[in-house]
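Here is a short report for a first-year student. Take a look at the sequence and the structure before reading on.

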Amino acid sequence: MADAPYETSPGNGGELHQHVPHSGSHEDAAAHLTTNHGLRISDNQNQLKSGARGPVLLEDFVLREKIFHFDHERIPERVVHARGSAAHGYFELTEDLSEITRADLFQGVGKKTPVFVRFSTVAGGAGSVDTPRDVRGFAVKFYTQQGNWDLVGNNIPVFFIQDAIKFPDLIHAAKMESDRGYPQAATAHDTFWDFISLMPESMHMIMWIMSDRTLPRSFATMQGFGVHTFRLVNAEGQSTFVKFHWKPVAGLQSTIWDETVKIAGADPDYHRRGLFEQIDLARDGRAPFPEWELGLQLFDEEFANAQPYDVLDSTKLIPEEVLPVRTVGKLVLDRYPDNFFAETEQVAYCVSNVVPGIDFSNDPLLHGRLFSYLDTQLKRLGSTNFHQLPINCPHASVQNFQRDGHMQRNVPKGRANYEPNGLADAGEDGGPRECPETGFTTYATQDAERQETGDKLRIRPEAFADHYSQARMFFRSLAKPEQAHLASALVFELSKVGIEGVRTRMLSRLVNVDPELASRVADGLGTDVPKAAPAAAPILDMEPSPALRIIEGPLPPDLGGRSVGILIADGSDAKVIAKLKAAIEKKQGRAILIAPKVNVTLSDGSKAAADGQLAGFPSVFVDAIAVVLSADGTKTLVKEAAAVQFVMDAFGHCKAIGATADAQPLLDRAGVEKDGGVTDLGETFIAAAAKRFYEREPKIRTLA
């Protein structure tokens with residue numbers, strides 16, 4: 001855009017006109033407003049009329065073009081994963097994998113591959129909130145030298161269904177009920193639980209979505225998974241099964257349900273804003289970039305055959321204690337999109353986008369996705385040429401004989417639009433040809449013993465019949481507070497179900513998962529525990545997997561980008577604030593000043609500009625709080641409901657609270673009781689700010 005200042009002048013009706021200066025050069029094309037066809041516009045404030053008060057004239061092509069384009073700006077939103085946020089970045093390889101795959105992004109330590117990553121909720125529309133209880137999409141587009149690879153996964157390693165033919169039924173049941181058009185982005189309604197209660201294969205996924213995994217604190221503190229079993233194929237044609245894992249460097253962190261509800265009301269764009277702000281801060285060196293490690297679970301046919309479940313079943317996972325995750329690279333997001341629509345909305349992920357060295361297993365859910373993702377792009381983006389949009393365009397050379405189509409951007413030269421051809425013999429460009437040496441070749445070997453060949457059948461393997469063992473393992477692997485959260489979530493969801501038979505049927509499924517869980521949920525609903533539903537296969541007591549826990553999982557050595565809200569007011573100690581901010585930032589945290597007014601006067605007479613005004617910046621936005629108040633400031637804020645609620649919510653959401661001695665009356669008013677997470681403002685507080693204190697929870701709320 002031109003740097004030259006615009007001139008302003010009032011119009012005949014007092015409207016403001018910003019225009020290029022009348023005098024001087026008019027050579028700067030970027031400064032001049034034009035139509036889509038390059039015609040410079042003289043007036044962008046008024047329609048062409050017959051007289052000042054007369055009718056608008058049909059010949060006003062400037063108006064016509066502007067309104068025409070506006071009326072068609074929206075494209076169909078995604079049926080699922082409509083609400084999304086994204087960022088650019090890179091994947092860097094930290095372990096060479098040339099022995100197990102010929103995919104170029106896995107060749108040579110230090111190799112960097114550009115990526116575009118989109119996070120999303122599943123059930124809600126594009127205008128829904130960021131923080132419902134929902135699965136999160138975690139889709140990564142790798143722009144490799146061999147073409148684009150799209151790893152289109154979720155923040156949960158399993159899924160609701162085993163066969164893609166049930167996907168339309170699942171989404172219809174989970175979405176807004178068709179007669180009333182609500183609830184939006186929520187599963188707490190009849191049709192979802194009616195469907196789920198009749199689908200025992202969903203029980204493992206239900207444990208995950210009712211857990212804290214579907215309440216992530218931020219995109220940077222949630223895991224990602226490829227969900228399916230894939231294959232890696234090396235240069236000799238040897239295959240290794242693989243499951244993909246993204247592990248956040250900042251550690252896993254979730255919110256509490258009450259906190260989540262309040263975030264949704266206070267900031268519907270909470271996760272999107274958080275991603276933007278963290279990248280912005282990281283570019284200034286004030287926070288780490290969002291970062292994940294790529295981990296692989298690698299195994300062969302012998303290992304697969306030895307497991308008590310089928311690795312082709314997307315409702316199952318391989319516990320990390322059974323098969324450790326091998327870290328091979330890192331994903332860093334370091335640039336926010338230049339334009340939300342052009343990039344985040346128009347990006348088209350296709351599960352079928354793979355590169356040589358990466359291939360598919362026979363997972364039936366995966367095979368359904370191979371069809372669906374490509375098909376949906378035509379409806380949403382309007383053309384088979386969607387791959388030519390800049391965000392979708394491979395960085396590798398694209399050479400083929402596909403031609404024409406709606407909104408074709410390429411201009412092919414010559415007559416060669418078919419092959420084989422002999423045009424080169426006549427001195428013409430004959431175009432590209434296939435390459436058996438470097439081109440993609442499908443891994444051909446199938447395992448007859450595992451029924452991967454045979455007659456045409458609409459049937460599932462018997463190995464898919466165990467629907468409860470891993471659901472039981474997941475629940476029993478969780479820390480006690482997480483189990484209580486899961487049981488309470490089930491009580492909340494089923495309390496919204498109006499059909500008694502659905503609740504009973506669901507409870508009968510839960511008996512198979514864990515009788516104590518079923519009892520806790522039934523007690524919360526005030527009903528009896530029914531008999532266990534018939535199980536299609538024996539239910540196994542698998543060893544718990546501590547790796548599945550959030551609360552007792554590993555934490556980063558510092559604050560890892562977490563934020564600390566510092567509540568201040570007139571008279572707050574300037575030296576204490578400065579020292580506290582320095583300590584937080586030293587530990588890679590973000591210090592946020594929050595005050596009753598945008599500007600406050602500190603103890604030394606200096607002015608401090610608040611990052612957030614108290615009434616509009618509740619403590620649900622931060623990971624810990626520090627209350628730095630003078631005696632006079634405290635006297636004022638104990639009478640301020642927003643201040644009391646600020647502290648009360650931090651305590652109720654199990655966050656660390658540090659405070660000056662003068663602030664104690666405010667803590668007392670908010671009902672804060674001394675525990676390991678309530679400290680002074682020294683080093684103890686900085687360490688406490690990195691975690692939650694869930695041992696506090698039974699004292700402040702009733703859980704199932």
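The report below goes through a few local features, one after another.

This is a predicted model.

**A buried aspartate**

Start with Asp-313. Asp-313 lies in the loop between α7 (301–306) and β11 (326–335). Is Asp-313 buried or exposed? The relative accessible area of Asp-313 is 1%. Buried means under 20%, so Asp-313 is buried. Which side chains make polar contacts with the side chain of Asp-313? One is the side chain of Gln-162, at 3.0 Å. Another is the side chain of Thr-315, at 2.7 Å. Leaving aside residues up to four places away in sequence, Asp-313 touches Gln-162 and Phe-464.

**Two packed helices**

Now turn to α12 (residues 500–513) and α13 (residues 515–525). The two helices pack at an angle of about 150°, and their axes are 6 Å apart. Angles over 145 degrees count as roughly antiparallel, so α12 is roughly antiparallel to α13. From α12, the contact uses Arg-503, Leu-507, Leu-510, Val-511 and Val-513. From α13, it uses Pro-515, Leu-517, Ala-518, Val-521, Ala-522 and Leu-525. Sorted by class, the contact of α12 with α13 has ten nonpolar residues, no polar ones and one charged.

**An enclosed helix**

Helix α10 (469–477) comes next. How many of the nine residues of α10 are buried? Eight are, so α10 is largely enclosed by the rest of the structure. The buried residues are Ser-469, Gln-470, Ala-471, Arg-472, Met-473, Phe-474, Phe-475 and Ser-477. What covers them? The cover includes α4 (203–209) and α11 (480–495). It also includes α12 and α13, the packed helices described above.

**Backbone exceptions**

Most residues other than glycine have a negative phi, and most peptide bonds are trans. The table lists four places that depart from these habits.

| Place | Feature | Value |
|---|---|---|
| Tyr-182 and Pro-183 | cis peptide bond | omega about 0° |
| Glu-419 and Pro-420 | cis peptide bond | omega about 10° |
| His-81 | positive phi | phi about 65° |
| Gln-588 | positive phi | phi about 60° |

Where do these residues sit? Pro-183 is in the loop between α2 (167–174) and α3 (190–197). Pro-420 is in the loop between α9 (364–381) and α10. His-81 is in the loop between α1 (61–71) and β3 (84–93). Gln-588 is in the loop between α14 (574–586) and β14 (590–595).

The two residues with positive phi can also be placed by accessibility. His-81 has a relative accessible area of 16%, so His-81 is buried. Gln-588 has 27% relative accessibility, so Gln-588 counts as partly exposed.

**A hairpin**

Finish with strands β1 (residues 7–10) and β2 (residues 16–19). How do β1 and β2 run? They run antiparallel, and four bridges join them. In one pairing, Thr-8 has Gln-18 of β2 as its bridge partner. The hairpin of β1 and β2 has five residues between the strands. In this hairpin, Gly-14 takes a positive phi near 90°.

In a regular strand, side chains alternate between the two faces of the sheet. Strand β2 has a covered face and an uncovered one. His-17 and His-19 form the covered face. Leu-16 and Gln-18 form the uncovered face.

Terms used:
Residues are numbered from 1 along each chain as its sequence is written. This is a predicted model: local features need pLDDT of at least 70, side-chain atom pairs count only at pLDDT 80 or more; totals for chains, interfaces and linings use all residues. Side-chain values use heavy atoms; hydrogens and water are left out. Buried means under 20% relative accessible area, exposed over 50%, partly exposed in between (1.4 Å probe, protein chains only). A polar contact is a pair of N or O atoms within 3.5 Å; within protein, one must be able to donate a hydrogen and the other to accept it, and residues adjacent in sequence count only if both atoms are side-chain atoms. Contact means heavy atoms within 4.5 Å. Axes are lines fitted to C-alpha atoms, for helices over the stretch in contact, and angles run from 0 to 180 degrees between N-to-C directions. Angles under 35 degrees count as roughly parallel, over 145 as roughly antiparallel, 65 to 115 as roughly perpendicular and the rest as oblique. Ala, Val, Leu, Ile, Met, Phe, Trp, Tyr, Cys and Pro count as nonpolar, Asp, Glu, Lys and Arg as charged, and the others, Gly among them, as polar. Two strands pair if DSSP finds at least two bridges between them.
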